Amino acid sequence: MNIIKLLKDIFSPKKCYSCNKQWHFLCLWCFKKLENFEPICYVCKNPSKDFEIHSDCQEWFYFQKVIILTHYKNKVIKKLITDAKFYKRKDIFEDFWNYLTKLLIKYEKDVNKNNTLLIPIPIHFFKKLKRWYNQTEILSEYISSRTGLESINNLLLKKKYTRQQSHNSKIERQENLKNSIVFNNKYTDTFDNYKIILIDDVISTGSTLNETAKILYNQWFKDITCLIIASD
């Protein structure tokens, strides 16, 4: 075990944000009490098989599934994600990646290390410098360590610094994202017929994920699933 992590667990043990018990930021007991998502189509919000987007809802979207763990409206979830993302509490993601991995295995039964890539949503260099890390990279690497799937942090690059998306309308988000993310050309023709699992923490309008999926789609990645902690 990592010595620094062991010392932190001893002298500053994790406490569940919900019940205050030690050893987890979100313990299994409290997680099971949450109102989590049943399989739905992200577009129309009606039930669907394994979170697939219905064919008649697909017209404007470049991904085929959005697998969502839980609801962002839950105060505990919102606080956990906010602290992990903006207040340098990245250890919080250790609990989330465990729940996300189980969800991925349940609803994506055909993934394996020979045909699937984990791709985190990129953030700009200056934003990463400010936060010290990209939370989606942390999630992706954790899931990779559990599943054996390859995580590639630089398949996509954030070239343009963009404002925080949560305060923008859907149209403003789309305009904000234009030409901000690009495909890393060093990977051109490297992966043939690979499935993509896009990793992100929160989905609201879906603008960021759809713009990212569009870039991958244009590079001949046609099977794209989004794996998300929480949705509005």
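Hi everyone, this is a short tour of a surface patch, a strand residue and the cysteines in this structure.

It is a predicted model, where local features need pLDDT of at least 70, side-chain atom pairs count only at pLDDT 80 or more, and totals for chains, interfaces and linings use all residues. Residues are numbered from 1 along each chain as its sequence is written, and side-chain values use heavy atoms, with hydrogens and water left out.

Let's begin at the surface. Phe 125, Phe 126 and Leu 129 make up a nonpolar patch there, with about 360 Å² of accessible area together. Areas come from the Shrake-Rupley method with a 1.4 Å probe, and for residues only the protein chains shown count as cover. A patch takes residues with over 30% relative accessible area and no salt bridge (a side-chain nitrogen of Lys or Arg within 4 Å of a carboxyl oxygen of Asp or Glu), and nonpolar side chains are joined within 5 Å. Phe 125 has a relative accessible area of 53%, so it counts as exposed (over 50%; buried is under 20%, partly exposed in between).

Now for Pro 120, which is buried, at 1% relative accessible area. Which residues does Pro 120 touch, leaving aside neighbours within four places in sequence? Its contacts (heavy atoms within 4.5 Å) include Thr 136, Ser 151 and Ile 199. Glu 141 is 21 residues from Pro 120 in sequence, and their C-alpha atoms are 8.9 Å apart.

Last, the cysteines. How many disulfides (cysteine sulfur pairs within 2.5 Å) does a search of the whole structure find? It finds 0. The closest cysteine sulfur to that of Cys 57 is in Cys 44, 3.9 Å away, too far for a bond. Cys 57 is buried at 16% relative accessibility, and Cys 226 is buried at 0%. Thanks, everyone!

Note on methods
Patch = residues over 30% accessible without salt bridge, like charges linked within 9 Å, V, L, I, M, F, W, Y side chains within 5 Å. Buried < 20%, exposed > 50% of the residue type's maximum accessible area, 1.4 Å probe, protein only. Disulfide = S-S within 2.5 Å.
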